[in-house]
Amino acid sequence: MEPRNEQDLMAAWGDSRDPLLSIVCLAYNHAAFIRETLEGFLRQETDFPFEVIVHDDASTDTTAAVIREFAARYPNVLKPIYQRENQYRQGVPFSTRLFAQARGRYIAYCEGDDYWTDPHKLQIQVDFLERHRDYVITYHDAFMFNSQGVLRSPHLQGKYRRDASARQLQQARPMSTLTVCFRNLVHELPPELLGVEVLDICWWSLLGAHGKGKFLAQIKPAAYRAHGGGIFSMRSSKQRIQMSMHAYYSLARYYQRIGEQSLYEYFMVQVFSQALASISPLSKLQALAKVFQNISLNLLRRLMPNT
């Protein structure tokens with residue numbers, strides 16, 4: 001189904017034109033996917049104005065041309081940003097910079113290779129946040145797929161398909177990033193988090209200082225695409241562990257600086273847990289044997305100091 005034209009889309013907004021919500025979309029070489037992504041945004045049925053900020057990070061394919069096509073059709077809704085040099089390779093956390101530029105009270109985030117399936121998604125999420133000031137973020141279900149079909153449904157399972165306390169958010173609780181809608185409060189990153197690749201878990205942690213998280217089961221699952229150009233999904237398991245370790249260590253340093261000792265200790269434990277996960281079972285046994293040997297030698301020296 002084709003999305004409505006701009007006039008029909010904006011008709012339900014009444015006289016108001018200041019966006020209550022900003023959709024932030026990062027795109028790079030997503031020419032094969034971004035049309036579906038943008039159509040998912042423009043199919044949203046809301047009684048409030050929203051804007052779509054699409055950031056093309058100097059794509060080398062026709063991604064920018066597709067964005068220009070949509071920007072011409074929706075000039076009052078879609079706000080494109082075109083980079084001449086790739087910001088990701090330079091380590092620039094452009095997603096957070098876009099949060100600071102967004103005019104909306106709320107942010108909904110979805111990258112240019114994923115898409116939404118529920119046209120009522122934003123209305124449901126904003127309605128909840130407007131009514132519940134003690135919540136800072138809402139999220140919902142997603143499924144993971146590739147060109148062969150569905151790989152995992154739901155994307156996150158078990159305890160992660162429930163609400164999150166403020167503390168759980170601060171502990172970087174996983175959620176499907178393409179499903180989130182949160183209060184626009186993260187305008188810049190602490191210096192410790194600059195250079196982190198897995199930035200989304202850092203956002204959740206920072207947002208946890210302001211409230212709780214709500215899982216909204218009534219929203220239809222969003223579509224998380226795994227493909228060869230994916231920043232995280234197609235990395236090797238070792239690379240993903242290394243990226244997560246760096247994020248956890250950076251969060252530990254941040255919380256140490258601001259005096260949150262318990263969170264510092266929590267993230268340091270996560271760093272060591274991830275490090276152990278990256279070691280083969282044989283290496284783990286060898287490491288444990290070495291630790292046991294050192295403990296035994298130290299104990300013997302204490303019991304027999306003259307030997």
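## Cysteines

C110 is buried, at 0% relative accessibility. In this predicted model, the closest cysteine sulfur to that of C110 belongs to C25, 6.1 Å away. A disulfide needs the two sulfur atoms within 2.5 Å, so C110 and C25 are too far apart for a bond.

C202 is buried as well, with a relative accessible area of 0%. How many disulfides does the whole structure hold? The search finds zero.

## Nonpolar cores

The largest nonpolar core has 45 residues. Those with the most contacts inside it are I137, M175, V180, F182, W203, W204 and F267. Several elements give two or more residues to this core. The strands are β1 (21–27), β4 (106–109) and β5 (135–139). The helices are α4 (94–101), α7 (199–207), α8 (237–257) and α9 (261–277).

Another core lies apart from this one. That second core has 41 residues, including L21, F41, I67 and W116.

## Around F267

Which residues does F267 touch, leaving aside neighbours within four places in sequence? F267 is in contact with Q170, Q171 and A172. Its other partners are S205, Y248, L251, A252 and Y255.

## Around R167

R167 is found in helix α6, which spans residues 166–170. Is R167 buried or partly exposed? Its relative accessibility is 32%, so R167 counts as partly exposed.

Beyond four places in sequence, R167 is in contact with E260, S262 and L263. R167 and G213 are 46 residues apart in sequence. In space, their C-alpha atoms are 10.0 Å apart.

Note on methods. Residues are numbered from 1 along each chain as its sequence is written. This is a predicted model: local features need pLDDT of at least 70, side-chain atom pairs count only at pLDDT 80 or more; totals for chains, interfaces and linings use all residues. Side-chain values use heavy atoms; hydrogens and water are left out. A nonpolar core is a set of buried Ala, Val, Leu, Ile, Met, Phe, Trp, Tyr and Cys residues joined through side-chain atoms within 4.5 Å. Buried means under 20% relative accessible area, exposed over 50%, partly exposed in between (1.4 Å probe, protein chains only). Helices (H or I, at least four residues) and strands (E, at least two) are DSSP runs, numbered from the N terminus. Contact means heavy atoms within 4.5 Å.
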